[in-house]
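Colleague: I've got this one open and would like to go through the wording with you. Could you explain the terms as we go?

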Amino acid sequence: MDNLEDHQKWYFWPVLLLSLLYPINLSVLGVSIPIYYYNEGVSIEIIGFLAAAIALPYSFSPLLLNKLSEKFGRKKSVLIATLGATAAQISFYITLEPLIFFIARLAEGFIMGFYWTNLQATISDSSKEKRSKYTAVFNLSWNIGVLIGLLFGAIVVFFVEDVLIIFYLSPVIMIITCVIAVFFFKNPPYANSQISSINQNNIKADVFDSQNKNDFSKYSIPVMVPIIIIAGYSILRASIGFLYPIKSEILGIETYTVYLFIFFLVLTQAIFATLSSFLSMKWLKCVTLMSLGVITLLMLIFGIVVDYNAALFIALFLIIGVFCGILYGSALKLFIALNVKKKTTKYTSINESIIGIFFLIIPILLGFIATADLNLGFYVIAFVFLLNLIIASIFIIQIQKDSEK
């Protein structure tokens with residue numbers, strides 16, 4: 001067990017590296033899976049299950065493993081996640097047969113229930129003065145990771161022209177992630193299992209009391225608000241990530257442009273997720289409702305367009321990225337605020353489980369819909385966002401200052 005002096009030497013940069021590297025792996029694989037298996041002649045329904053495989057256990061593992069995370073501590077939990085995910089991906093070198101691939105992704109999704117929850121919890125464990133800064137740079141880091149992954153995929157596929165190479169390179173990224181976790185990542189200063197209970201309670205009390213000066217702690221925040229917002233983000237990313245690669249194949253668009261266009265999406269997402277970390281409650285309520293409304297229209301446009309136009313697609317992806325960033329940044333800010341108010345880390349686990357649930361449901365659902373009509377999938381998502389907007393409006397109105405209750 002680390003002593004108090006060790007905690008005083010704690011740095012946030014290993015958290016940023018870990019939040020950078022795994023998204024590189026996820027994004028490059030996420031685009032490759034539909035393209036590879038579609039070209040292998042696998043049915044779209046089965047591709048939906050393969051794309052969603054990692055999300056199936058991840059929809060519950062962050063909550064299921066939350067107690068173990070508190071028992072093991074941040075470092076041990078992150079080590080278990082990285083080593084387990086690396087072992088699962090090494091199976092790619094052996095075979096990419098759909099059933100084996102499905103099982104490997106299931107195993108990876110379950111063990112990663114230790115990963116993001118503990119990385120995000122280091123923000124809650126930090127001092128009040130650094131919390132907004134850490135949230136912002138954390139959002140920037142994982143978004144840059146997604147960008148690098150997409151750019152990496154575009155460059156590799158442009159030169160090699162065979163997406164199979166991606167499945168042989170992605171485990172290497174996981175090995176590097178393991179090295180960072182083993183040698184550089186440390187338990188944060190206020191992690192539950194790392195300091196004696198007396199010192200821990202005193203430190204946490206000081207941190208949470210000082211947080212009362214923060215704008216968000218003055219508000220009564222219904223937990224349904226960040227749940228609805230992160231659901232919107234997850235639905236949007238999962239649907240675009242599944243439908244567009246297949247639509248690009250149908251339209252005859254070169255494969256490397258799929259990575260490139262999603263790169264544009266994540267570029268604006270990175271910027272606006274970072275900026276959203278500094279939103280006041282007044283602006284957060286306005287921009288999240290606006291985001292849900294505009295996304296409804298954008299999904300309709302995606303369904304209507306049946307001819308390839310590079311400028312139009314680039315514009316659509318850039319605009320969608322703006323609203324993805326707003327939704328994710330706003331939701332994470334609210335979940336961390338709830339963590340602080342309730343003196344717990346369970347809300348970041350809820351955040352990750354919701355992402356997992358929708359990354360599971362959406363590809364499977366759209367796999368069946370797209371079999372009948374691919375563009376119908378975009379119309380269904382547009383309708384879902386319209387419902388999301390209505391429900392979000394009802395709950396966001398309930399947010400008010402505690403002093404006004």
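Colleague: To start with, what percentage of the 405 residues in the protein is buried?

Modeller: Buried residues make up 57% of the 405, where buried means under 20% relative accessible area, exposed over 50% and partly exposed in between, with a 1.4 Å probe and protein chains only. Keep in mind that this is a predicted model, where local features need pLDDT of at least 70 and side-chain atom pairs count only at pLDDT 80 or more, while totals for chains, interfaces and linings use all residues. Residues are numbered from 1 along each chain as its sequence is written, and side-chain values use heavy atoms, leaving out hydrogens and water.

Colleague: Why is G113 called buried?

Modeller: Its relative accessible area is 1%, and the cut-off is under 20%, so G113 counts as buried. G113 sits in the loop between α8 (98-111) and α9 (115-124); helices here are DSSP runs of H or I with at least four residues, strands are E runs of at least two, and both are numbered from the N terminus.

Colleague: What is G113 in contact with, leaving aside its neighbours within four places in sequence?

Modeller: Y58, S61, P62 and L65, contact meaning heavy atoms within 4.5 Å. G113 and L63 are 50 residues apart in sequence, yet C-alpha to C-alpha they are 7.7 Å apart in space.

Colleague: On to the helices. What makes α2 roughly antiparallel to α11?

Modeller: The angle between α2 (residues 13-39) and α11 (residues 164-183) is about 165°. Angles run from 0 to 180 degrees between N-to-C directions, with axes fitted to C-alpha atoms over the stretch in contact. Under 35 degrees counts as roughly parallel, over 145 as roughly antiparallel, 65 to 115 as roughly perpendicular and the rest as oblique. Therefore α2 is roughly antiparallel to α11. Their axes are 10 Å apart.

Colleague: How many nonpolar, polar and charged residues are in the contact of α2 with α11?

Modeller: There are 19 nonpolar, four polar and no charged residues. Ala, Val, Leu, Ile, Met, Phe, Trp, Tyr, Cys and Pro count as nonpolar, Asp, Glu, Lys and Arg as charged, and the others, Gly among them, as polar.

Colleague: And why is α2 called roughly antiparallel to α3?

Modeller: With α3 (residues 44-52), the angle is about 150°. The cut-off is over 145, so α2 is roughly antiparallel to α3. In this pair, I33, P34, Y37 and Y38 of α2 meet I44, I47, L50 and A51 of α3. That contact divides into eight nonpolar, no polar and no charged residues.
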